[in-house]
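Dear colleague,

I am passing on a structure for you to look through, and I would be glad if you kept it open beside this message while you read.

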Amino acid sequence: MKAKYRLVFFDVDSTLVTIEGIDILAGGNPEIAKLTAAAMNGQIPLEEVYARRLQRIQPTHAQIQSLGRQYVDSLVPGAEDTVARLRDAGAVIHIVSAGIEQAILPLADRLGIRAVHAVRLRFADGAYDGFEPSFLTQTGGKELVIRDVRARTKGGAAMIGDGASDLEAKPAVDLFIGFGGVHIRPLVRDNADVFVTEMAAVIPHLIA
């Protein structure tokens, strides 16, 4: 068994896991959830909501640590096996997410993924103090990150994701797989090269 693509990029929220981290941090605030859904469905630009949501939530360092544990507990069925099989087949796996790096790292560790591209928050005495500048907080950011990785690594590339910000990366990869196992977003379903609703279903498209 051999990977068809040297590089495989995964989104996190509603792709590798069944939750949306920002909505968990918001404690179910319907206004935040509405903003998240609008951004993921391509109705409003990500940069219009990213800083606004965090500023309103003011997540503490302890809350981010708790979210990290919830990520590990919320893996979609088949995610661990899929990542393991891709790695065994020779793929280099990257996480590319507009989620919070400190919360995603425990999930990456659980899955054995070393390359994590996410947004790093700043804290002052445990309180929220903004975030480090990142392409991933902007429209088209995932495409830029993936192009940068591909410029330094030879071989084909595939991307798996559920939202509009993932679909924006389609021009940067050879295969874009839309994932609808948590949410089916019509924009992604209708424009993906391949669309699946179970994580294990990506395997035939990624491993020969």
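Below are some notes on the core and on two helix pairs.

This is a predicted model, in which local features need pLDDT of at least 70 and side-chain atom pairs count only at pLDDT 80 or more, while totals for chains, interfaces and linings use all residues. Residues are numbered from 1 along each chain as its sequence is written, and side-chain values use heavy atoms, with hydrogens and water left out.

The largest nonpolar core (buried Ala, Val, Leu, Ile, Met, Phe, Trp, Tyr and Cys residues joined through side-chain atoms within 4.5 Å, where buried means under 20% relative accessible area with a 1.4 Å probe, protein chains only) has 73 residues, and F10, Y71 and L206 have the most contacts inside it. Leaving aside residues up to four places away in sequence, Y71 touches (heavy atoms within 4.5 Å) V12, D13, V17, I19, G21, A103, I104 and L107.

Y71 also takes part in a helix pair, since I64, L67, G68, Y71 and V72 in α4 meet Q102, A103, I104, P106, L107 and R110 in α6. Helices here are DSSP runs (H or I, at least four residues), numbered from the N terminus. The axes (lines fitted to C-alpha atoms over the stretch in contact, with angles from 0 to 180 degrees between N-to-C directions) of α4 (residues 61–73) and α6 (residues 101–111) come within 7 Å and cross at roughly 30 degrees. That makes α4 roughly parallel to α6, a label for angles under 35 degrees.

Helix α2 (residues 30–40) and helix α3 (residues 46–57), by contrast, pack at about 160 degrees with their axes 10 Å apart, which makes α2 roughly antiparallel to α3, the label for angles over 145 degrees.

Best wishes

Definitions and conventions: Buried < 20%, exposed > 50% of the residue type's maximum accessible area, 1.4 Å probe, protein only. Helix = DSSP H or I, 4+ residues; strand = E, 2+ residues; numbered from the N terminus. Parallel < 35°, antiparallel > 145°, perpendicular 65-115°, else oblique.
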